[in-house]
Amino acid sequence: MTEFTTRTTSPFRYDVVGSFLRPEELKEAREKFAQGEITHDELKSVEDKLIIDLIKKEEAVGLHAVTDGEFRRSYWHLDFFWGLHGVKHVHLPHGYFFHGEETRNDSAQLDGKISGENHPFVEHFKFVRDHVSRGTQVKQTIPAPAQLLEELTRQENVESVNAVYDSRNDLDKDVVKAYRKVIQSLYDEGCRTIQLDDCTWGIAVSSVFQEELKDSYYSSAERQECYLKANNEVIADWPDDLTINTHVCRGNYHSTWAASGGYGPVADTLLAREQVNAFFLEYDSERSGGFEPLQSVPDDKYVVIGLITSKSGELEDKGTILERIKEAAKYHPLDKLCLSPQCGFASTEEGNILTEEQQWKKVALVKEIAEEVWG
């Protein structure tokens, strides 16, 4: 019988990306707060109670690293950006265009130099830290530096960048410094697992998006190098006990998607050269292409293959997933593979179209399959 390495830090053999469906009580409280019907303290009280309940559910299903489900956020990425100094919340004429659906139109623009002091996500982490059982790890998810740079290069947002920074190089430097400040603050409070969520590479694999971006500030190759550099400068030179992973997908909004294409176009940059410990990769549909690009991932890095979809409640066939894991192992060592859903269950507060019961059955299936494969 094959002996596999026992995982004691993230990624674990069965894992999740991070976000969970928001309970109706939370959605109602957030709406009341938006309408001025309850105070921020009253909203926080609801959030606190429901996050504690979520932590118990995560532990009960057997997860070794838990999150707050992103229950305090509206978006997986924008709330983090708005927590940085120099970044403001704006509404644009349009949201992001997904397959058959347009998202809400929130975005982020600059009103000053970017910095990362006193970021609210540090308090979010501390709350989860203080409510997990002994031995349970806490994973803090944040959008990657590349994702902030991508948001600021949206056509509607570039003017705010140019009003603050004389060059893109100056912007990049401040983004890196701000991120390192936030991560240092998290580390000082005991955080040992960071996950950089990053859809920029999902855009880079899409021929449709590349056509739309051909007249933008960067060419595709320049954009990849710029984003890789920013991510790696944030990842570099932390203590050995800090694990930094990344998650890449092609968009996840109300069970819809934004982009299609295999990982081939980013294999030589993202997969070969980004200095993370592990890649959480979307692989739940034909839109993600084949496993061949995994050959570019160095053998010392882990790949968490997202074979279970979070976009529907239909439960996958276990045999099919087992066969796909075998296929992936032709291109990256089986001992360096793990299993998860392809994305979170609620990248925004709308959530994907499935029930909470279906959500937990998905997580349980991930565990069942992983234990059958890796023991």
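Reader: How far apart are the mean positions of the positive and negative charges of the protein?
Author: This is a predicted model, in which local features need pLDDT of at least 70 and side-chain atom pairs count only at pLDDT 80 or more, while totals for chains, interfaces and linings use all residues. Residues are numbered from 1 along each chain as its sequence is written, and side-chain values use heavy atoms, without hydrogens and water. Lys and Arg count as positive and Asp and Glu as negative, with His and the chain ends not counted, and each charge is placed at NZ of Lys, CZ of Arg, CG of Asp or CD of Glu. For the 42 positive and 66 negative charges of the protein, the separation of the mean positions is 3 Å.

Reader: Which value does the globule rule give for the radius of gyration of the protein?
Author: The rule is 2.2 Å times the number of residues to the power 0.38, and the radius is taken over C-alpha atoms. The protein has a radius of gyration of 20 Å and is as compact as a globular protein of its length, because for 375 residues the rule gives a close value, 21 Å.

Reader: What share of the residues is buried?
Author: Buried means under 20% relative accessible area, exposed over 50% and partly exposed in between, with a 1.4 Å probe and protein chains only. Of the 375 residues in the protein, the buried share is 59%.

Reader: Which helix gives the most to the largest nonpolar core?
Author: A nonpolar core joins buried Ala, Val, Leu, Ile, Met, Phe, Trp, Tyr and Cys residues through side-chain atoms within 4.5 Å. The largest one has 101 residues, and Phe-20, Ile-114 and Leu-171 are among those with the most contacts inside it. Helices (H or I, at least four residues) and strands (E, at least two) are DSSP runs, numbered from the N terminus. With nine residues, spread over a helix at residues 168–188, the most is given by H7.

Reader: Which helices do the buried residues of H4 pack against?
Author: Helix H4 covers residues 120–129, and its buried residues include Phe-121, Phe-125 and Val-128. These buried residues pack against strands S1 (65–66), S6 (137–138) and S7 (140–143). The helices they pack against are H2 (40–60), H3 (78–82) and H7.

Reader: What distance separates the C-alpha atoms of Phe-4 and Leu-334?
Author: Phe-4 lies in the segment before helix H1 (24–34). Its contacts (heavy atoms within 4.5 Å) include Arg-13, Leu-334 and Trp-374, leaving aside residues up to four places away in sequence. Phe-4 and Leu-334 are 330 residues apart along the chain, yet their C-alpha separation is 8.5 Å.
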